[in-house]
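Visitor: I should like to understand how the terms used for a protein model are justified. Would you take me through the reasoning?

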Amino acid sequence: MSRDNPPRAAGGGKTGGSSAAEVPPIVKAEGLVKSYRSDGVPAEAVRGVDLCVERGEFVAVTGPSGAGKSTLLHLLGGLDKPDSGKLWLGGREVGGYSEARWAVLRRRSIGIVFQFFNLVSNLTVADNVELPALLAGSTPRQARESRAELLAELGLEGKEMSTPGELSGGEQQRVALARALVNHPSLLLADEPTGSLDSKGTKEVMRLLSRYHQRGQTILLVTHDARVASSADRVLSFFDGRIVDDATLGAGTRRGGGVADVLELKG
Ligand code: ADP
């Protein structure tokens, strides 16, 4: 464990942690390192990250561009492999997982939202949301019902037959959120989800993330925007590949404590 990022008390011990923890943390990482080669020279994007995220937390990872935030998120979602370090998701060590096993894990348990939505451009909104449900084993009827419920909740009724290109950025990101949530993932990873949105779209998406968090969704959000990060109840500051601060925000911004209200106040 690095000294500048001491493990949190809950879940920070061996695999499961101490007091609270018959239930393992959703995410536990020890000593994650990831380098890329740039012009043949290795450059460390993530330099030894220890992290523990408990169920129901809304964690923002913030810091300047190039700090390594997206690389960390990619490691946590199995989109990239660490050079060293260990990673447990829901108490299971996933370091040795094959691509295929990661794909199954993501399909069932990890929703991911990206800055540029990554929707399938030639499929309708409805198909974009139903597809991951079908791939995870839902019947067509279940997939249709889940899609209808989510699109209604996300204010997208009437857009089912549109294609992504016919929607605003904020609407596309809400479709991406529906797609990420359709299989009720244990963990939602969001990589700069407001990075290409205007202030209205940003507010909408953050309000929805807060709503799902209040219902118990565990969220890890990467953002360079401190204002967006302040919607979370815990903020990790990332700099030069390391966590340099780990702050739990006040009661007013905690789960069930009016995160959406705070956003409203901030305008
Ligand atoms: P952030 O998300 O904080 O902006 P990134 O994780 O995207 O930071 O990048 C961290 C560092 O790793 C940067 O120097 C970036 O150029 C480098 N990097 C990220 N992804 C790659 C890649 N696929 N190939 C080479 N270098 C990369």
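Guide: The answers below set values against definitions, and the model they concern is a predicted one.

Visitor: What makes β3 and β8 paired strands?

Guide: Two strands pair if at least two bridges are found between them. Five bridges join β3 (residues 58-62) to β8 (residues 218-223), so the pair meets the cut-off of at least two. The two strands run parallel, and one of the bridges links Thr62 with Thr223 in β8.

Visitor: How do you know that β1 and β2 pair, and in which direction do they run?

Guide: Here 10 bridges join β1 (residues 27-38) to β2 (residues 41-53), and the cut-off is at least two, so these strands count as paired. They run antiparallel. Within this pair, Val33 stands opposite Arg47 in β2. The hairpin of β1 and β2 has two residues between the strands, and Asp39 takes a positive phi near 55° there.

Visitor: Why are β6 and β10 said to stand at the edges of their sheet?

Guide: Six strands form an open sheet in the order β6-β7-β8-β3-β9-β10, with mixed pairing. Both β6 (110-113) and β10 (242-248) have a single partner strand, so one side of each is left without a neighbour in the sheet. On average, neighbouring strands of this sheet are turned by 15° against each other, direction ignored.

Visitor: Which helices lie across β6 and β7, and at what angles to β6 do they run?

Guide: Helix α2 (residues 99-109) lies across both strands and runs at about 85° to β6. Helix α5 (residues 169-181) also lies across β6 and β7, running at about 170° to β6.

Visitor: What makes the approach of Gly66, Ser70 and Thr71 to the ligand a set of polar contacts?

Guide: A polar contact is a pair of N or O atoms within 3.5 Å. A polar backbone atom of Gly66 is 2.7 Å from an oxygen atom of the ligand. For Ser70, a backbone N or O atom lies 2.8 Å from a ligand oxygen, and for Thr71 a side-chain N or O atom is 2.5 Å from one. Each of these distances is within 3.5 Å, so each pair qualifies. The protein covers 56% of the 560 Å² of accessible area that the ligand has on its own.

Visitor: Which residues surround the ligand, and how are they classed?

Guide: Among them are Tyr36, Ala45, Pro64 and Lys69. The shell has four nonpolar, five polar and one charged residues. Its largest share, three residues, comes from helix α1 (residues 69-76).

Conventions
Residues are numbered from 1 along each chain as its sequence is written. This is a predicted model: local features need pLDDT of at least 70, side-chain atom pairs count only at pLDDT 80 or more; totals for chains, interfaces and linings use all residues. Side-chain values use heavy atoms; hydrogens and water are left out. Helices (H or I, at least four residues) and strands (E, at least two) are DSSP runs, numbered from the N terminus. Axes are lines fitted to C-alpha atoms, for helices over the stretch in contact, and angles run from 0 to 180 degrees between N-to-C directions. Contact means heavy atoms within 4.5 Å. A residue is near a molecule or strand if one of its heavy atoms lies within 4 Å of it. A polar contact is a pair of N or O atoms within 3.5 Å; within protein, one must be able to donate a hydrogen and the other to accept it, and residues adjacent in sequence count only if both atoms are side-chain atoms. Accessible areas come from the Shrake-Rupley method with a 1.4 Å probe; for residues, only the protein chains shown count as cover. Ala, Val, Leu, Ile, Met, Phe, Trp, Tyr, Cys and Pro count as nonpolar, Asp, Glu, Lys and Arg as charged, and the others, Gly among them, as polar.
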